[in-house]
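Thank you for asking me to look through this structure with you. Please keep the sequence and the 3D view open side by side while you read my notes.

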Amino acid sequence: MAAHRSGPLKQQNKAHKGGRHHGRGSAQRESRGRVEVKVLCKKVKKQLSRLDQRHRASQLRKQKKEAVLAEKRQLGSKDGPPHQVLVVPLHSRISLPEALRLLQDEDLGTVYLNEWGSFMLLSPRLKHRWFFTYAKPGDLHTVLDLAKVADTILFLLDPLEGWDSTGDYCLSCLFAQGLPTYTLAVQGFSDLPPKRLIDARKKLSKAVEKRFPEDKLLLLDNQQEAGMLLRQLANQKQRHLAFRDRRTYLFAHVADFVPSEESNLVGTLKISGYIRGRTLNVNSLLHVVGHGDFQMKQIDGPVDPFPLNPRVVKPQQEQSSAMEICATDAITDMNEDLKVLMKADPDRQESLQAEAIPDPMEGEQTWPTEEELNEANDLLKQSSRVVKKVPKGTSSYQAEWILEEGDESGREGDEYNDIQHEGFMEEEFQSESGEEEEEECETMTLGESLHDDLYDEKVDEEAEEKMLEKYKQERLEEMFPDEMDTPRDVAARIRFQKYRGLKSFRTSPWDPKENLPRDYARIFQFQNFINTRKRIFKEIEETEAEGVEVGWYVTLHISDVPVSVVEYFRQGAPLIAFSLLPYEQKMSVLNMVVSRNPGNTEPVKAKEELIFHCGFRRFRASPLFSQHTVADKHKFQRFLTPDAALVVTVFAPITFPPASVLLFQQKSNGMHSLIATGHLLSVDPDRMVIKRVVLSGHPFKIFTKMAVVRYMFFNREDVMWFKPVELRTKWGRRGHIKEPLGTHGHMKCSFDGKLKSQDTVLMNLYKRVFPKWTYDPYVPEPVTWVKSEISSTVSEVDME
């Protein structure tokens, strides 16, 4: 009997590898401490046990807690700067002198009064020192400047209403700029009758919860409550503002001016104060808020005028020895007064150059070399080669004279095929200089039924007429966006010679380096702004800078400062200085994302002069408004719209984000009104803002897909000039111009569908626009605040 044998299709299973499975322990025993080569060239991931993971997490928590406690102990201590507190009353019924009198508690320590009302409180028992400042009622810019350097803001609330319209306006500005640590105190609860006290507390807590959720209200009616408030200020956790944590800043306690030998209008400004934020190097630049950028000559180290533990000289038994000790101390103090900490090095000092020096010959056409001429001839020969059908044996010379059947008709059809390409127009009628300024005046079609409720009778007639005209223009822009009447006194091909047509606004290419204005030769641009910002911030965190440490009382010698700065300080205004990061003194194009303030409804037109608070800077400029999109081209907006966030583009010094942005508008009576808030987006001169102009025409005769359109142009030459540009209608049809009819601007157009008689034919033209160079670091003080009822929904700026 024959045995069964498996065929060639029998399934072959994989054999079991017994004894070859090793665990981690057996592998370590067999290796006997040897490590394979492939492990050495790779990053070993250390596996921790659960107990080790718990220990590591506990150590991290302990380190963070110790860092917070060290920061809290340093602020206001003998080795750190005084705890600077800004007192801000939020209601007109609050008595600011009474609150300051309660805070000047002599039982806790020594009080040093300033000539402008600010005072220093030294408490050896609490091992803390405070410096209290405040602004004059109605001085908004001073409040914002003091909030940039304050460690804590003390808000004083009314027991019945909390804050009034002026206080609400101040809170909106402070929230938009970025709030440091703050404390809420209520003044006047002791004056209320006991029956109304409980209801007043409930009502006030409910009102405060909207603005300050989960914040505790403290009382400020007697000395005991003032002492509790001071302890709360000393033990409170500090909140950080990102734009000041990476820079050195100083609040001037004393200022002196030494005029130069050449002129009394410019000289050396000496300001004394405590170093805060970061270590200060004398070779870096300094920005005085509201006045500009300057260089430093040297840094002196005078004696701290407000020591927490002043040195006491014990009397000796012998008078001679006592006199010797006093003389020694006097000499020591004199030496300390004359001690120079750092002097500027001219080789290492940063330059104040803010603008690039343009080269008038840059970009000029030079005579081509012989190699370039030969290369151009070769390209011309390659492009001129045409494939033709010729009889056999025909030479190349004879083939040039042979015409194909479609040549003549093809040349006539080229003009029509050009319509299918992207919009392009040769600027033949442009002036020889090529720098003709844009015409600001535009002919607008005003409706008959427009109406604006201008109810303020105190405004003069001229201002009322201007405001009415702006309201009409804003209303027309909403109803007919970008539409413009074709002028009849100027040819359209000359009026719109800088405009071009685009087949697609989103996808059509546009060179960002094309036709740049002369102002772009004066600015600086980064090759990669994001990488430069990351590199600078990394160097700040990792490298230890040489200079004056935080907490020292120093005197800065600032060179070439106008005398108006010290006059500004002598009038009672604060003098605040910030150190600049690399490149922050150079001019460029800043782009900021802003949202309209709900409390301001007046129209704001592009290129109007506005007041900017950008991070630590304050300046005036005339911005452009554009849509906030992710495309490479951004549509220009003629007005600041309230329904969406817009991007503001302006010429200004380079500032590294994050930085808050506040926009103010100065009225004819000197008041400043908050119109928008936001943050700094980028520093990018290549961001293209494209202005659109829409020309409209009306169908005169309709033949299904063909129509005769009039009133878009008024002469035959304009129709021929704009013939390559694509047309569209308000009802979604697309078409192009076939030919002109007559000499009065009528034209025959074809569309992709049947045209309705009530439809409107439109033509879109585009031009890149640039901001105006109107940067001015000096901002005049406002007359008073604008007390307007504004919404409390202003978005708070990200603190980090």
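The numbered points below go through strand pairing, backbone details, charged patches and salt bridges.

1. Before anything else, please bear in mind that this is a predicted model, and that every value quoted below was computed from it.

2. A good place to begin is the pair of strands β9, which covers residues 254-259, and β10, which covers residues 266-274; they pair in the antiparallel sense over six bridges. The two strands form a hairpin, with six residues between them, and if you wish to check how they are lined up, you can look for P259, which stands opposite G267 in β10.

3. Some backbone details deserve a careful look, and one of them is the peptide bond that joins P657 and P658, which is cis, with omega at about 5°. P658 has its place in the loop between β22 (646-653) and β23 (660-666).

4. Which sign does phi take at K127? The value is positive, near 55°, in a residue other than glycine, and K127 lies in the loop between β3 (119-123) and β4 (128-134). With a relative accessible area of 64%, K127 is exposed, because exposed means over 50%. D560 also has a positive phi near 55° and is likewise a residue other than glycine, but D560 lies in strand β15, residues 553-562, where it counts as exposed at 57% relative accessibility.

5. On the surface you will find a patch of positive charge in which K705, R733, K754 and K756 gather. Within this patch, R733 is found in the loop between β27 (727-729) and β28 (734-741), and R733 is partly exposed, with a relative accessible area of 32%.

6. A patch of negative charge is also present on the surface, where E370, E371, E372, E375 and D378 gather. E371 lies in helix α11, which covers residues 370-383, and at 65% relative accessibility E371 counts as exposed.

7. Turning to salt bridges, how many does the structure hold? There are 23 of them, and the general idea behind them is that side chains of opposite charge can pair when their charged atoms come close.

8. One salt bridge is the meeting of the side chains of E541 and R278, at 3.3 Å from N to O. This pair links distant parts of the chain, since E541 is in helix α16 (residues 529-542) while R278 is in the loop between β10 and β11 (286-288), 263 residues apart. E541 counts as exposed at 52% relative accessibility, whereas R278 is partly exposed, with a relative accessible area of 26%.

9. The side chains of R617 and D293 also meet in a salt bridge, at 3.4 Å from N to O. R617 lies in strand β19 (residues 617-621) and D293 in strand β12 (residues 292-300), so this pair ties together parts that are 324 residues apart in sequence. Is R617 buried or exposed? At 1% relative accessibility R617 counts as buried, because buried means under 20%.

10. A salt bridge within one helix is formed by R535 and E539, whose closest N and O atoms are 3.3 Å apart. R535 and E539 both lie in helix α16, four residues apart, which is about one turn of the helix. R535 is partly exposed, with a relative accessible area of 38%, and E539 counts as partly exposed at 38% relative accessibility. Elsewhere, salt bridges that share partners join R93, D158 and E161 into one network.

How values were computed
Residues numbered from 1 in each chain as written. Predicted model: local features only at pLDDT ≥ 70, side-chain atom pairs only at ≥ 80, totals over all residues. Heavy atoms only, no water. Pairing = 2+ DSSP bridges. Patch = residues over 30% accessible without salt bridge, like charges linked within 9 Å, V, L, I, M, F, W, Y side chains within 5 Å. Areas by Shrake-Rupley, 256 points an atom, 1.4 Å probe, with all protein chains shown as cover. Salt bridge = Lys/Arg side-chain N within 4 Å of Asp/Glu carboxyl O. Lys, Arg positive; Asp, Glu negative; His and termini not counted. Charge placed at Lys NZ, Arg CZ, Asp CG, Glu CD. Buried < 20%, exposed > 50% of the residue type's maximum accessible area, 1.4 Å probe, protein only.
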